[in-house]
Amino acid sequence: MMSGFRKFILRGNLVDLAVAVVIGTQFSNLVKQFVDSFINPLLAVVGGSPNFDGLVLDVGNAKFRYGAFLTQALSFVISAAVIYFVIVLPVTRLLRLFDRKQAETERDCPECTMKIPLAARRCPECTAVIAPAAQQPQPMR
């Protein structure tokens, strides 16, 4: 029984998941602090502080504090925009640049479609003999 538990705990994907949760939490804290330290003060200079915590709806004896939700929703939208424009967009452009350089040095094997170097004469995956890149017909796009 304990050996099965030990195998479960030491699985590669479980450890990867634990690392991803820890890194994700730290990244979330980093983005939140960036938004709190730089973006919210910028917004406060332009249009006031985005804080709706005082908005409350009274229905009988119940109080619905929808303002706190609005504040968190606005904070989420601002954080998502910051992540997209400061992190996702530049990284996507950088990866696209790397892909262009990779496309210049690799081609697809005509037999198994694995990426192989341009100068390869045999595919390392399917071992098919391949004509040099200059003699190979270009695929239609």
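Is Asp 36 buried, partly exposed or exposed? In this predicted model, Asp 36 comes out as partly exposed, its relative accessible area being 33%. The residue sits in helix α2, which runs over residues 12–47, and shares that helix with Lys 32. Four residues, or about one turn of the helix, lie between the two positions. Their side chains pair up in a salt bridge, with an N to O distance of 2.9 Å.

That pair is one of two salt bridges turned up by a search of the whole structure. Lys 115 and Asp 108 also meet through their side chains in a salt bridge, here at 3.3 Å from N to O. Both partners are partly exposed: Lys 115 has a relative accessible area of 49%, and Asp 108 has 40%.

Now for the overall layout. The chain holds three helices and four strands, and going along the sequence they come in the order α-α-β-β-α-β-β. Not much of it is hidden, in the sense that 11% of the 141 residues count as buried. About 11,600 Å² of the chain is exposed, and carbon and sulfur atoms account for 65% of that area. As for contacts between residues at least 6 apart in sequence, 20% of them link residues at least 24 apart.

Part of the surface is a nonpolar patch made up of Phe 52, Leu 55, Leu 57, Val 59, Phe 64, Tyr 66, Phe 69, Leu 70 and Leu 74, which together have about 810 Å² of accessible area. Strand β1 (57–59) and helix α3 each put in at least two residues, with α3 giving the largest share, four residues. Phe 69 belongs to the patch and is found in α3. With a relative accessibility of 61%, Phe 69 counts as exposed.

Helix α3, spanning residues 66–105, also carries Thr 71. In contrast to the exposed Phe 69, Thr 71 is buried, at 12% relative accessible area. The side chain of Thr 71 makes a polar contact of 3.3 Å with the side chain of Asp 53.

What about the cysteines? Searching the whole structure gives zero disulfides. For Cys 112, the closest cysteine sulfur is that of Cys 123, and the two sulfurs are 3.6 Å apart, so they are too far from each other for a bond. The cut-off for a disulfide is a sulfur pair within 2.5 Å. Seen from the other side, Cys 123 is likewise in no disulfide, its nearest cysteine sulfur being that of Cys 112. The surroundings of the two cysteines can be set out as well: Cys 112 is partly exposed, at 28% relative accessible area, whereas Cys 123 is buried, at 2%.

Finally, Arg 121 is located in the segment that follows β4 (115–117). Arg 121 counts as exposed, with 65% relative accessibility. Even so, the residue has partners further along the chain: once neighbours within four places in sequence are set aside, Arg 121 is in contact with Ala 128, Val 129 and Ile 130. A C-alpha distance of 6.2 Å separates Arg 121 from Pro 132, a residue 11 places away along the chain.

Definitions and conventions:
Residues are numbered from 1 along each chain as its sequence is written. This is a predicted model: local features need pLDDT of at least 70, side-chain atom pairs count only at pLDDT 80 or more; totals for chains, interfaces and linings use all residues. Side-chain values use heavy atoms; hydrogens and water are left out. Buried means under 20% relative accessible area, exposed over 50%, partly exposed in between (1.4 Å probe, protein chains only). A polar contact is a pair of N or O atoms within 3.5 Å; within protein, one must be able to donate a hydrogen and the other to accept it, and residues adjacent in sequence count only if both atoms are side-chain atoms. Patches are made of residues with over 30% relative accessible area and no salt bridge: like charges are joined within 9 Å, nonpolar side chains (Val, Leu, Ile, Met, Phe, Trp, Tyr) within 5 Å. Accessible areas come from the Shrake-Rupley method with a 1.4 Å probe; for residues, only the protein chains shown count as cover. A salt bridge is a side-chain nitrogen of Lys or Arg within 4 Å of a carboxyl oxygen of Asp or Glu. Contact means heavy atoms within 4.5 Å.
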